[in-house]
Amino acid sequence: MSAVVEVPPVPVDDRRAHLAFFYRDTAEYLGGMVPFVRDGVTAGEPVAVMVPTPQLGMLRSEFGDLAGVELIDMVDHGRNPGRIIPGVLKVFTGAHAGLPVRIVGEPIWAGRTGLEYPACAQHEARLNLAFPDSSVSILCPYDTSQLDQLAIDDAGRTHPCLGSVEDGWYDSDDFDPMGLLAEYNQPLPSTLSDVITFDFDPSNLAKARRFASEEAAQRGVPDDRIQDVVQVVGELAANSLVHGGGRGRLRLWTEDGQVVCEVKDSGHIRDPLAGHLPAGERALHGRGLLMVNLLSDLVRMHTVPGSTTVRAYFALPAA
């Protein structure tokens, strides 16, 4: 058992909570995580712990034999932040429907790239919207010794309650998840030079899928993932036909060890949870985007009235 430091009791009540805990070292990390998890187990609440691989190993030594605690590797299951809510957390809460549950989630760690970070911050903002009728308490650790100031500041905008060993627990004066979602809804970075373009409409949707399949194979996407690329392109193109003006433009290129599929159309996605809820919730909205999130390694989006661009990233095997 590792040493921990004393942290005031986590402020979880009947309303539940979304909390950010700032830590600087292993002792502080355990000081925040251990009481939160053990108090949940004592209260009979199922607990999911979803953290990056190194932290997961550390917490496995603390909770590996503790009944009622599910340990999940964030690097494996949450590399795409858009997959975390519908593909992991909603599955966990659904399996324990009617019970209060606790979740430790660390989607932002020092290994995240600058390309991934905006999607991570938006995920943290969406957590405040995704469980309106559930007794869910979520504790998100933030490593202040490794993360930059932007991530720390954004934590105050996406979490209504903040905590640390030195300061205890306190309300965030900057809490504004909708403002953060809007701020990170920015035009996507410009692309590299090897872009291949295909304009599609109802007459050539099958050709668009073949185009994606052939290009993905030529660029090194493994055989067992080419169908994922084809399905993602098909879902995005179908959205364009139904909601995006009846046509769109598919672009595909290779960038930093990933194949990128981009679909742009004239639609506008207004629902911040579109694609981030299981198919049974808001069933008329976001089913196609849900599949895109579940199948891709990263999804970035920019949407404004009259224009939506979605990029889906697929990691290539290491050379």
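User: In this predicted model, which residue meets D154 in a salt bridge?

Analyst: The candidate partner lies in helix α6 (residues 149-158), three residues from D154, a separation of about one helical turn. D154 is buried, with a relative accessible area of 4%, and the partner residue is buried as well, at 16%. The side chains of the pair meet with an N to O distance of 3.6 Å, and the partner of D154 is R157.

User: Which helix holds both R225 and D228, and are these two residues buried or exposed?

Analyst: R225 and D228 form a salt bridge in which the closest N and O atoms are 3.4 Å apart. The two residues are three apart in sequence, about one turn of the helix, and both lie in helix α9 (residues 223-243). Buried means under 20% relative accessible area, and on that criterion R225 and D228 are both buried.

User: How many residues apart in sequence are the parts that E262 and R251 tie together?

Analyst: E262 forms a salt bridge with R251, the closest N and O atoms being 2.9 Å apart. Because E262 lies in strand β10 (residues 258-265) while R251 lies in strand β9 (residues 248-255), the pair ties together parts of the chain whose separation in sequence is eleven residues.

User: Of E262 and R251, which counts as partly exposed?

Analyst: The cut-off that matters here is 20%, since a residue is buried under 20% relative accessible area. E262, with a relative accessible area of 5%, is buried, whereas the residue that counts as partly exposed, at 21% relative accessibility, is R251.

User: How many salt bridges does a search of the whole structure find?

Analyst: Besides the pairs already discussed, R24, E28 and E166 are linked in a network of salt bridges. The charged side chains of the chain comprise 26 positive and 43 negative ones, with the centres of the two sets lying 9 Å apart. Over the whole structure, the number of salt bridges found is 15.

User: What is the radius of gyration of the chain?

Analyst: The chain has ten helices and twelve strands. Its radius of gyration is close to the value that the globule rule gives for 319 residues, so the chain is as compact as a globular protein of that length, and the radius of gyration is 20 Å.

User: What percentage of the residues of the chain count as buried?

Analyst: Among contacts between residues at least 6 apart in sequence, 69% join residues at least 24 apart. The accessible surface comes to about 14,000 Å², of which 51% belongs to carbon and sulfur atoms. Of the 319 residues, the share that counts as buried is 53%.

Key: Residues numbered from 1 in each chain as written. Predicted model: local features only at pLDDT ≥ 70, side-chain atom pairs only at ≥ 80, totals over all residues. Heavy atoms only, no water. Helix = DSSP H or I, 4+ residues; strand = E, 2+ residues; numbered from the N terminus. Rg over C-alpha atoms; globule rule 2.2 N^0.38 Å. Buried < 20%, exposed > 50% of the residue type's maximum accessible area, 1.4 Å probe, protein only. Contact = heavy atoms within 4.5 Å. Areas by Shrake-Rupley, 256 points an atom, 1.4 Å probe, with all protein chains shown as cover. Lys, Arg positive; Asp, Glu negative; His and termini not counted. Charge placed at Lys NZ, Arg CZ, Asp CG, Glu CD. Salt bridge = Lys/Arg side-chain N within 4 Å of Asp/Glu carboxyl O.
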